[in-house]
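Colleague: I would like to go through this model with you slowly and ask, for each label we attach to a part of it, what the label rests on.

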Amino acid sequence: MAKQTLRVGYLPIIDHLILGMTKEKQLEKVDLEMVQKVGWNEIGDALKAGEVDVAFMLAPYAMDLYYSEKNVKLLLLSHRDGSIVVANKRANINSLSDFKGKTVLIPFQASMHHILLHKRLQEEGLSVGIGKDVTTEVVAPSQIPMMIEYDADGFIAGYIVAEPFGTQVVNSGLGDILSLSKDIMQNHPCCAVVVKQDVVEKHPEAVQELITSLVESGKAVFGDIESTIKTAVDFLGQPEPVVRAVLTDPNRRVSMDKLMPKADEFNYMQDYLIDTVTTPALSGKIDVNAFLDLSFAKNAGAE
């Protein structure tokens, strides 16, 4: 029986590591075609255009695509936690309160990063948005280190982003860790595995094998950490010290063993990004239960 080719869009970030681990396996029903992108808009555009069948993408962004397209299903989380808040050393930032009057970079408006930063700054008594205490600017994750490198005057206070683009700057000597995302909201969701609905309907066995393999990869991340680091170095295209720090310092700053999507978490994300942030970051609210298809995660033994 011929294998089904599934084209998978992703970014080279730790959040998508289970894809890199699964790519190393020999699947019976699936050939994976990896389609690497630079930023989140490219991922969404590729999914809408049919360039990819599967996308590893920000969960809130996926909800926004569903709101407008209604032809995708979210089947699995790809990780929990794993992002980082970094201060730009040249901006003289010692704490989050020093972000006042500065610009902070985020990877996307429709993101958990936006929620986490907004939540944490509000706890510091700072307002966020145009004309507020702190202004945010969207920059693709892989381009953030370059923005910090060339910001000689310290105009950018810092940023929140998926690893390794936090530790990369810290290890270069240009940034300091202010907070891990898990310390703002423990076990938070962020990225997810989204599949075109027609692919789910036409190729359920292939989709199931992929989801099962991803779940197994997630449970294996910390089973043999040296093997995982080796895979991650290749997958992320980053030096070994950066990858090792991301995965071990501290241990489990990112987790991939509990990937079952939870409807209440998705309702929280969309409520926050529509009702709480200054300018709504989503087009509108969706029926989360219609958007989620948990059958594949359940069959894979996801927790």
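Colleague: In this predicted model, what makes the contact between E51 and K37 a salt bridge?

Modeller: The closest nitrogen and oxygen atoms of the side chains of K37 and E51 are 2.8 Å apart, and since a salt bridge asks for a Lys or Arg side-chain nitrogen within 4 Å of a carboxyl oxygen of Asp or Glu, the pair qualifies. E51 sits in the loop between helix 2 and strand 3, while K37 sits in the loop between strand 2 and helix 2, so the bridge ties together parts that are 14 residues apart in sequence.

Colleague: Why is K37 called buried, and why is E51 called partly exposed?

Modeller: Buried means a relative accessible area under 20%, and exposed means over 50%. K37 has 15% and is therefore buried, whereas E51, with 37%, falls in between and is therefore partly exposed.

Colleague: How do you know that E265 and R80 form a salt bridge, and where in the chain do the two residues lie?

Modeller: Their closest N and O atoms are 2.9 Å apart, which is within the 4 Å limit. The pair links distant parts of the chain, with E265 in helix 12 and R80 in strand 5, 185 residues apart. Both values of accessibility fall under the 20% cut-off, so both residues count as buried, E265 at 17% and R80 at 5%.

Colleague: What accessibility values do D271 and K285 have, and what joins these two residues?

Modeller: D271 has a relative accessibility of 31% and K285 has 42%, so each lies between the two cut-offs and is called partly exposed. They are joined by a salt bridge with N and O 3.0 Å apart, and this pair connects helix 12, where D271 lies, to the loop between helix 12 and helix 13, where K285 lies, 14 residues away. Elsewhere, K119, R120, E123 and E124 are joined into one network by salt bridges that share partners, and the structure holds 18 salt bridges.

Colleague: Why is there no disulfide between C190 and C191?

Modeller: A disulfide requires two cysteine sulfur atoms within 2.5 Å, but the sulfur of C190 is 4.3 Å from that of C191, its closest cysteine sulfur, and this is too far for a bond. The structure holds 0 disulfides. Both cysteines are nevertheless buried, C190 with a relative accessible area of 1% and C191 with 0%.

Colleague: What makes up the lining of the largest pocket, and which residues lie nearest its centre?

Modeller: The lining divides into 5 nonpolar, 8 polar and no charged residues. Of the 13 lining residues, Q109, G129, I130, T136 and T279 lie nearest the centre, and helix 4 and strand 8 each supply at least two residues of the lining. About 220 Å³ of space lies in this pocket.

Colleague: How do you know that I286 is buried, and which residues is it in contact with beyond its neighbours in sequence?

Modeller: The relative accessibility of I286 is 10%, which is under the 20% cut-off, so the residue counts as buried. I286 is found in the loop between helix 12 and helix 13, and, leaving aside neighbours within four places in sequence, it is in contact with M63, Y66, Y67, Q270 and F291.

Key
Residues are numbered from 1 along each chain as its sequence is written. This is a predicted model: local features need pLDDT of at least 70, side-chain atom pairs count only at pLDDT 80 or more; totals for chains, interfaces and linings use all residues. Side-chain values use heavy atoms; hydrogens and water are left out. Buried means under 20% relative accessible area, exposed over 50%, partly exposed in between (1.4 Å probe, protein chains only). Helices (H or I, at least four residues) and strands (E, at least two) are DSSP runs, numbered from the N terminus. On a 1 Å grid over the protein atoms alone, a cavity is a set of points where a 1.4 Å probe fits but cannot get out, and a pocket is an open set with protein on both sides within 12 Å along at least five of seven lines; lining residues have an atom within 4 Å of a point. Grid points are joined across faces, edges and corners, and a volume is the space filled by probe spheres set on the points. Ala, Val, Leu, Ile, Met, Phe, Trp, Tyr, Cys and Pro count as nonpolar, Asp, Glu, Lys and Arg as charged, and the others, Gly among them, as polar. Contact means heavy atoms within 4.5 Å.
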